[in-house]
Amino acid sequence: MPPANLTRPIASSRTIGTGLIIGALAVTLAAILIPVSLFGESSAALPRNGVTDDGGGTVSTQYGPLTATDRDFVRKVRLAGTWELPAGRLAQQRDVRDAVKTAGEHLIEGHTELDRRSEEVGRALGIPLPNQPNAQQQGWLNEMTSAGSSAQFERVFANRLRAAHGKVFNLVAQVRAESRNSMVRSLATRANAIVLDHITVLEDTGLVDFDTL
């Protein structure tokens, strides 16, 4: 009779092999599930396009959930008007080419409407809104007011405003696509059309330096 322990290595090898397979599957499954549980939801909620998270999280409103991105968007719409409206008026006051005056008119019309809409949304959703430009925006206005010639003003006007509109355009598109708040989504829909119009008329001046955008 063969020694009893001769068959044990075979059984042990099978057991070990099965265990290794199960272990490998478990590790693979863990590798798949851990990133989802740890990063999936939070990654989707991470602010993009220069959004400032106010720390207020998502709150329920009668118009749908209101996120930090929604609130920041409404604030940025109002903030844009605090310097782009004065810039448009400056273009009306300076001795500039017709295309620049036309761009100024569009800025005044567009941001007068967006100011009204953003203020309505802010009141309805309890979002405090800015009433004056930030330091960077005020600096851009100062560049325009201190421009020594019409040609210098035109260049600063066209390029500062075109660069600013290009940056906010991505945020507008993100909010329009993702927001589940009907008031914010409606504001984003209108802002999308107005920002695109402003980009177009600024480019129509022929003064935009695309290499610096």
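Q: In what order do the elements of the protein run from the N terminus on?
A: They go α-α-α-α-α-α. That fits the tally of 6 helices and 0 strands. Here, helices (H or I, at least four residues) and strands (E, at least two) are DSSP runs, numbered from the N terminus. A quick word on the source: this is a predicted model, where local features need pLDDT of at least 70 and side-chain atom pairs count only at pLDDT 80 or more, while totals for chains, interfaces and linings use all residues. Residues are numbered from 1 along each chain as its sequence is written, and side-chain values use heavy atoms, with hydrogens and water left out.

Q: Why is the pair Asp54 and Arg71 called a salt bridge?
A: The term asks for a side-chain nitrogen of Lys or Arg within 4 Å of a carboxyl oxygen of Asp or Glu. For Asp54 and Arg71 the N to O value is 2.6 Å, so the pair passes the 4 Å rule. This pair links distant parts of the chain, 17 residues apart: Asp54 sits in the loop between α1 (8-45) and α2 (68-93), and Arg71 in helix α2. There's a network here too, with salt bridges linking Asp54, Arg71 and Arg75.

Q: What makes Arg71 buried or exposed?
A: Look at the relative accessible area: buried means under 20%, exposed over 50%, and partly exposed in between (1.4 Å probe, protein chains only). Arg71 has 8%, so Arg71 is buried. Its partner Asp54 has 36%, so Asp54 counts as partly exposed.

Q: How do you know that Glu154 and Arg97 form a salt bridge?
A: Their closest N and O atoms are 3.1 Å apart, and that is within the 4 Å cut-off, so the name fits. Glu154 lies in helix α5 (residues 150-178) and Arg97 in the loop between α2 and α3 (98-125), so the pair ties together parts 57 residues apart in sequence. With 6% relative accessibility, Glu154 counts as buried, whereas Arg97, at 40%, counts as partly exposed.

Q: Why do Arg116 and Glu120 count as a salt bridge?
A: The closest N and O atoms of Arg116 and Glu120 are 3.4 Å apart, so they make the cut. Both residues lie in helix α3, 4 residues apart, about one turn of the helix. Arg116 is partly exposed at 42%, and Glu120 is partly exposed at 35%.

Q: How many salt bridges does this rule give?
A: The count comes to 11.
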